[in-house]
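I'm opening my notebook on a structure I haven't looked at before. Here it is, so you can follow along.

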Amino acid sequence: MFYQKKIIIIGPAHPLRGGLASYNERLAKEFLQQGHQVSIYTFSLQYPGFLFPGTTQFSTEPAPADLDIHVCINTVNPLNWINVGLELKKQRPDLIVVRYWLPFMGPCLGSILRIAKKNKHTKVVCIADNIIPHEKRMGDIVFTKYFVSPVDGFITMSEKVLTDLEQFAQGKSAKFVAHPLYDNFGEKISKEEARSKLKINNEELIILFFGFIRRYKGLDILLDAMKLLQKGDNYRTPRLLIAGEFYEDRKSYDEQIEQLGIKDMLILRTEFIADSEVKYYLSAADLVVQPYRNATQSGVTPLAYHFEKPMIVTNVGGLASMVPDDKVGLIAEPNAESIAAKITEYFYKGSAHFIPYLIEEKKKYSWSKMAISILELVGL
């Protein structure tokens, strides 16, 4: 028999922007669709300035009309943690779903959860994007251990994070569930319409690098690969559409582009891409490339699946596990020569080789499966 659950999601949501916010809002809608009562508790202050390298943390999009979002958590104010914890304790939700992606969040979230669980009723499931961060800082291990303690169970979206979790949460329930498809950015549109919107020639071969630009994502490796493709004989020379905001100093990239002499091969849209614009970039591309140096999982992969775009990903972390080789895409090593060779191979084979596999494979990644797995993990 179905029993409605009272569920609270803790993590980024509107007015904050980015992949985590989009994910949490989409998960909340799935729980609502399944008949549960859902609220999101998000941050009034998410990061202090020194931890946020972008231009702004806030969205310019309208707030979701159908979601109950409380903007109230201050990550650097312990009095706020106590107040939020006491409020959640009093509300007695059946389940708190909390996102964990950065050890900096450990003291704040760990404190809120400890207080909330004093009601002896609430279960806590963590969706762990990362347990060991991409960029290490002092205090990472202590903060993560503090956070993990009050959590009852963990969902990871890569096998690597599931393995990393063993260092911190032995004996706790944990399950790998693949990242659901991002289907909340609209449906795909024709390549011609998307390119008209972005002012890109219909005859171009377009490779897309999408998302925040940080060193671990390997854009510099892809730029080196573009140089190797500059004089390709077997097909028209492709162009690289870089769509995303720099989350580090762009100077080294500008210097690299100048030194390589590939400026005419690039289309630079290096600002934050609003949710309402995402469909144009994915629909305009022939191929999505993720040239990461290291990774756990990537939100770009489910985005490419939704828009039915073949991918080249590097064989690091959990990337390759979601991209069956020579079916929905190609697997490269994280170096320019391998990536260039795979791009050449992709255009030689053509999209018709990959699309049927892509359409079939994407059926595996549902929000319903994620929501049900979260509840089952703690016996709800």
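Which residues of α2 are buried? I'm working from a predicted model, so I keep that in mind throughout. I looked them up and noted N80, W81, V84, G85 and L88. Looking down the axis of α2, I found that these buried residues fall within an arc of 130°, so they line one face of the helix. Turning to the other side of α2, I saw L79, N83 and K90, which are exposed.

Next entry: what sits over that buried face? I found that the cover over the buried residues of α2 includes β1, β2 (37-45), β3 (69-74), β4 (95-100) and α3.

I also checked the helix itself. α2 covers residues 78-91, which makes 14 residues. From first C-alpha to last, α2 reaches 20 Å, close to the 20 Å expected at 1.5 Å a residue. Then I looked at the ends. At the N-terminal end of α2, N77 acts as a cap, with a side-chain oxygen 3.0 Å from the backbone nitrogen of L79. After α2 comes R92, and I noted its positive phi, near 55°.

Next entry: the nonpolar cores. I recall that in soluble globular proteins, nonpolar side chains tend to be buried together. Here the largest nonpolar core has 64 residues, and L27, F31, V97, F210 and I374 have the most contacts inside it. Helix α13 (residues 367-377) gives this core its largest share, six residues. I picked I374 and listed its contacts, leaving aside neighbours within four places in sequence: L27, F31, L95, V97, V125, I127 and I155. Apart from this core I found another, of 34 residues, with V84, L88, L113 and V161 among them. I had already met V84 and L88 as buried residues of α2.

Last entry: backbone oddities. I came across a cis peptide bond between H14 and P15, with omega at about 15°. P15 is in the loop between β1 (6-10) and α1 (19-33).

Which phi value does K120 have? I read a positive one, near 60°, in a residue other than glycine. K120 is in the loop between α3 (106-116) and β5 (123-128), and I noted that K120 is exposed, at 77% relative accessible area.

D326 is a residue other than glycine with a positive phi too, near 65°. I found D326 in the loop between β12 (311-314) and β13 (329-332). Its relative accessibility is 26%, so I wrote D326 down as partly exposed.

Technical notes. Residues numbered from 1 in each chain as written. Predicted model: local features only at pLDDT ≥ 70, side-chain atom pairs only at ≥ 80, totals over all residues. Heavy atoms only, no water. Core = buried A, V, L, I, M, F, W, Y, C linked by side-chain atoms within 4.5 Å. Buried < 20%, exposed > 50% of the residue type's maximum accessible area, 1.4 Å probe, protein only. Helix = DSSP H or I, 4+ residues; strand = E, 2+ residues; numbered from the N terminus. Contact = heavy atoms within 4.5 Å. Expected span 1.5 Å × (residues − 1). Arc of directions from axis to C-beta. Polar contact = N/O pair within 3.5 Å; in protein donor to acceptor, adjacent residues only side chain to side chain.
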